[in-house]
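Visitor: Please guide me through this model, beginning with individual side chains and ending with the assembly.

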Amino acid sequence: MKSIITPLKTVLLFVALVSLSIPVMSQQEATPGKAASPILKKAVMCEGIQDGLPVNQTIVFDVSKGSAYCWSGFDPVEVDGVIFHQWYRNGELTSSFKLAVHPPRWANQSSLRLRQADVGPWSLNITNETGDILKTLRFSITE
Amino acid sequence: MDSIYIFFSSLRWQDILDICINSYILFRLYALFRGTATFRVLVGLGFLWFFQRLSLSIGLIVTSWAIQGITAAGAIIIIVIFRNEIRTVFQTKNMRAILWGLPQKIHKASIEVLSDVIFDLAETRVGALLVYPGKDDLDEHIRNGIPWHGQVSKEMIKSIFWNGNPVHDGAAIVEGDRVSKVACILPLSLRDDLPAAFGTRHRAASGLSEKSDALVVVVSEERGRVATAKGGVFSYPKTRAELRIILEDHVGRKTFNAKAEKNERLEMITAACLSFLLIFVVWFGFTRSLDTLVSFEVPIQYTGRVPGVDIVGSSDDVVRVHIIGAGALIRSVRADQVAVNLDLGTVPLGVNTLRILPNDVSLPPGVALNRVTPSEIVVTLDKYDIKTLPVQADWTGKLPDNLLLAEASLDPSQIQVTGRSLLLNDIGTLYTEKIPLLGIDKNGKMSIGIVFPDKIKPSPGQKDRVTVIYKVKTREKASPAPSGG
């Protein structure tokens with residue numbers, strides 16, 4: 001009888017260890033991905049930033065206004081990281097901004113000084129550290 | 001071993017036929033002219049040609065030129081000097097004998113028949129005079145003469161010298177196995193030392209034999225004796241066999257027996273092999289030398305193209321193929337025998353630089369590739385593809401200062417388009433036609449066309465217009481701010 005119980009105990013112990021290890025492994029795999037990508041809550045094009053918030057949200061910028069801004073807000077942000085604002089004119093990348101994000105929430109912005117030569121349709125991609133596009137904003141610069 | 005295989009695999013059927021025909025012609029020339037002065041001169045001309053090629057190959061220009069001139073002149077001289085001998089060969093033999101038969105059989109048959117019939121005539125006391133020409137031309141010595149061209153036979157010889165025949169008094173000319181002329185008048189000898197018993201026939205026989213290298217056979221009508229005259233000297237064969245030896249010696253043939261025939265066969269086989277070898281060497285020299293360079297403009301042919309993939313651009317449609325080889329072969333090459341095939345089976349879509357390799361160029365056998373210009377071709381491959389693209393409004397002008405275009409949405413926001421994949425790869429967004437802001441002062445919507453890039457079309461069922469729904473807001477006071485947190 002004792003000879004039967006001993007292997008049974010061994011099997012039960014093995015099953016228990018495996019059962020406990022599965023959630024631990026799942027957490028270890030899931031954590032880096034979740035922490036690396038801050039959640040984009042809002043992103044807009046605007047004519048200015050006041051008290052950290054976008055002012056005059058618009059999709060058309062007159063050159064005479066001087067600058068165009070992109071404001072992005074992330075909530076939640078679990079770990080320190082970076083995001084990118086990539087500005088495209090007619091599909092061609094003209095400038096890219098690397099912007100830091102910090103827990104627990106963060107907002108940041110990038111701007112473009114408007115010139116006569118910039119008139120036309122534009123787009124702006126907000127991407128995470130791995131290059132995934134979080135949002136695309138489309139706007140025009142006019143004169 | 002590989003080189004031997006390559007060499008034989010490069011042989012064309014024309015090459016083999018060429019070698020065989022010329023080998024046989026050379027062999028037949030030998031068979032027809034052997035033992036004659038013409039043959040010896042032909043051999044000499046052959047050597048001259050060989051030395052001319054040799055001197056040309058080692059760069060002796062003047063020597064080569066001089067030998068070439070001598071050879072050309074020699075060929076004409078041969079035809080002039082040996083015209084009778086050549087004519088004899090071609091006149092006294094039928095086509096089968098020229099193309100196939102061996103001359104000694106004819107000689108053997110005619111000599112046997114003649115030696116028999118001459119003694120038959122002697123026994124019956126029928127006078128006869130027969131001339132066997134040597135190498136000299138007899139036309140200047142013989143007068144009259146009636147063309148006969150009859151195959152030698154006992155009956156014919158007897159009928160020629162039959163007393164009732166009008167031509168029986170003259171001499172008959174025997175060339176090969178044919179009697180070419182009868183009733184010929186020979187020059188009489190003026191010698192004083194000839195026996196008094198010699199009649200006109202003997203004097204005539206002596207006369208011609210003194211002036212030429214011909215052999216003349218006389219059958220005495222009075223005494224029934226056979227005599228031969230050569231070089232002014234008379235012989236008196238007692239038997240048919242003795243006469244046959246004299247005749248065979250004159251035509252250059254030895255006594256025919258089994259051993260002689262075996263040697264004869266061996267000689268012919270050797271001659272045939274040497275003819276083949278000689279022609280092969282000559283052919284090799286002609287065709288395998290790389291002394292001539294020509295070039296052809298050849299259109300490029302593309303093979304192995306994947307279905308649906310098109311060539312949308314290439315740097316060149318034709319290339320110039322430079323080939324080198326022997327002049328004789330190069331001159332026979334036609335442009336349509338040269339091809340350039342580029343395999344596109346493994347070439348990816350996009351712009352590709354393809355190097356033209358020797359394996360890509362097909363040439364007729366016997367010639368070699370020198371180079372191809374240009375050696376590289378830039379080929380652009382593409383295929384039709386579909387892609388879904390976002391549509392963006394393209395605003396122009398300005399709103400009143402107190403207003404802002406806060407947001408706009410497009411319906412549909414995406415359009416599926418069809419076009420070349422390379423073009424589609426470069427396109428990320430479709431734009432509308434210019435939308436003027438002038439006059440917009442409140443929310444609204446409008447239908448506007450989409451501007452499609454060149455060679456890009458909306459897929460079947462897709463619209464080429466979108467509806468733009470926009471919202472206008474009143475402007476707030478704005479001021480730029482530093483980065484936030």
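**Side chains, interface and cores**

Visitor: Is D193(B) buried or exposed?
Guide: This is a predicted model, in which local features need pLDDT of at least 70 and side-chain atom pairs count only at pLDDT 80 or more, while totals for chains, interfaces and linings use all residues. Residues are numbered from 1 along each chain as its sequence is written, chains are lettered from A and ligands numbered from 1 in the order in which they are written, and side-chain values use heavy atoms, with hydrogens and water left out. Buried means under 20% relative accessible area, exposed over 50%, and partly exposed in between (1.4 Å probe, protein chains only). At 54% relative accessibility, D193(B) therefore counts as exposed.

Visitor: Which residue meets D193(B) in a salt bridge?
Guide: A salt bridge requires a side-chain nitrogen of Lys or Arg within 4 Å of a carboxyl oxygen of Asp or Glu. The partner of D193(B) is partly exposed, at 27% relative accessibility. The N to O distance of the pair is 3.0 Å, and the partner is R191(B).

Visitor: How many residues apart are E297(B) and R320(B)?
Guide: The side chains of E297(B) and R320(B) meet in a salt bridge with an N to O distance of 3.7 Å. The pair links distant parts of the chain, from strand β8 (residues 292-303) to strand β10 (residues 318-325) of chain B, and the two are 23 residues apart.

Visitor: Which residue of chain B forms a salt bridge with D62(A)?
Guide: D62(A) is buried, because its relative accessibility is 11%. Its partner, at 42%, counts as partly exposed. The closest N and O atoms are 3.3 Å apart, and the residue is K398(B).

Visitor: Where in chain B does K398(B) lie?
Guide: Helices (H or I, at least four residues) and strands (E, at least two) are DSSP runs, numbered from the N terminus. The pair crosses between chains, starting at D62(A) in strand β3 (residues 60-62) of chain A, and K398(B) lies in the loop between β15 and β16.

Visitor: Which strand gives the most to the side of chain B that touches chain A?
Guide: Between the chains there are 10 residue pairs in polar contact, both residues at pLDDT 80 or more; a polar contact is a pair of N or O atoms within 3.5 Å, and within protein one must be able to donate a hydrogen and the other to accept it, with residues adjacent in sequence counting only if both atoms are side-chain atoms. β15 (376-396) and β16 (403-411) of chain B each supply at least two residues of this side. With 6 residues, the largest share comes from β15(B).

Visitor: Which side chain of chain A is in polar contact with that of Q392(B)?
Guide: Q392(B) is found in strand β15 of chain B, and it counts as buried because its relative accessibility is 2%. Its side chain also reaches the backbone oxygen of F139(A) at 3.1 Å. The side-chain contact, at 3.2 Å, is with R138(A).

Visitor: How many residues does the largest nonpolar core have?
Guide: A nonpolar core is a set of buried Ala, Val, Leu, Ile, Met, Phe, Trp, Tyr and Cys residues joined through side-chain atoms within 4.5 Å. In the largest, W87(A), F139(A), W395(B) and L405(B) have the most contacts inside the core, and its size is 46 residues.
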